[in-house]
Amino acid sequence: MKPKSESVVIRLKEIAKKGFSLSALTCYVRNPIDFYFQKILRISEVEEVEENIALNTLGTIIHETLEALHKPFIGKFLSETDVLSCIKLLDDEVLKQFKLVYK
């Protein structure tokens, strides 16, 4: 077994003062490496998943959304009511376009 560095020993003493929880001990028994990262180094797993959308795909969705909202008003003068009704339809139309693009 490799000797522990001074910083690891200090951190273990800090944890011991507070007391080891059952879940921490279980973590150590099941996976000492996870215990080391989570409890000693204070590095936790990041569960966030970031999804990126290509700019050209986003552009297509925006273009198609604007076109779908604009079509009913071709050749007409827009009123404030028309614009407000389009704003109410915006979220549903964007979702519809996402579904069409990503099938």
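**Contacts and layout of an all-helical model**

Of the contacts in the protein between residues at least 6 apart in sequence, 57% join residues at least 24 apart. The model behind this value is predicted.

The secondary structure is simple to list. The protein has five helices and zero strands, so that, by the run definition used for these elements, the order from the N terminus is α-α-α-α-α.

The overall dimensions come next. Taken along the principal axes, the C-alpha atoms fill a box of roughly 80 × 25 × 20 Å. The radius of gyration of the protein is 28 Å, whereas a compact globule of 103 residues would have one near 13 Å. Buried residues account for 16% of the 103 residues. The accessible surface amounts to about 9,100 Å², and carbon and sulfur atoms contribute 61% of that area. As for charge, the protein carries 15 positive and 15 negative charges, and the mean positions of the two sets lie 12 Å apart.

Where is the largest nonpolar core, and which residues form it? Six residues make it up: Val8, Ile15, Ala24, Cys27, Phe35 and Ile40. Three helices, α1 (6-18), α2 (22-30) and α3 (32-40), each supply at least two residues of this core. In soluble globular proteins, nonpolar side chains tend to be buried together.

Two residues show the surroundings of this core in detail. Ile15, a member of the core, touches Phe20, Lys39 and Ile40 when residues up to four places away in sequence are not counted. Ile40 is itself one of the six core residues. The second residue is Arg11, found in helix α1. Is Arg11 buried or exposed? Arg11 counts as buried because its relative accessibility is 14%, and the cut-off for buried is under 20%. With neighbours within four places in sequence left aside, Arg11 is in contact with Lys39, Ile40 and Arg42. Lys39 and Ile40 thus appear among the contacts of Ile15 and also among those of Arg11.

The other end of the helix list gives a further example. Leu89 lies in helix α5, which spans residues 80-102. Leu89 counts as partly exposed because its relative accessibility is 48%, and the cut-off for exposed is over 50%. How far is Leu89 from Ala16 in sequence and in space? The two residues are 73 apart in sequence, and their C-alpha atoms are 58 Å apart. That distance can be read alongside the box of roughly 80 × 25 × 20 Å filled by the C-alpha atoms.

Note on methods: Residues numbered from 1 in each chain as written. Predicted model: local features only at pLDDT ≥ 70, side-chain atom pairs only at ≥ 80, totals over all residues. Heavy atoms only, no water. Helix = DSSP H or I, 4+ residues; strand = E, 2+ residues; numbered from the N terminus. Rg over C-alpha atoms; globule rule 2.2 N^0.38 Å. Buried < 20%, exposed > 50% of the residue type's maximum accessible area, 1.4 Å probe, protein only. Contact = heavy atoms within 4.5 Å. Areas by Shrake-Rupley, 256 points an atom, 1.4 Å probe, with all protein chains shown as cover. Lys, Arg positive; Asp, Glu negative; His and termini not counted. Charge placed at Lys NZ, Arg CZ, Asp CG, Glu CD. Core = buried A, V, L, I, M, F, W, Y, C linked by side-chain atoms within 4.5 Å.
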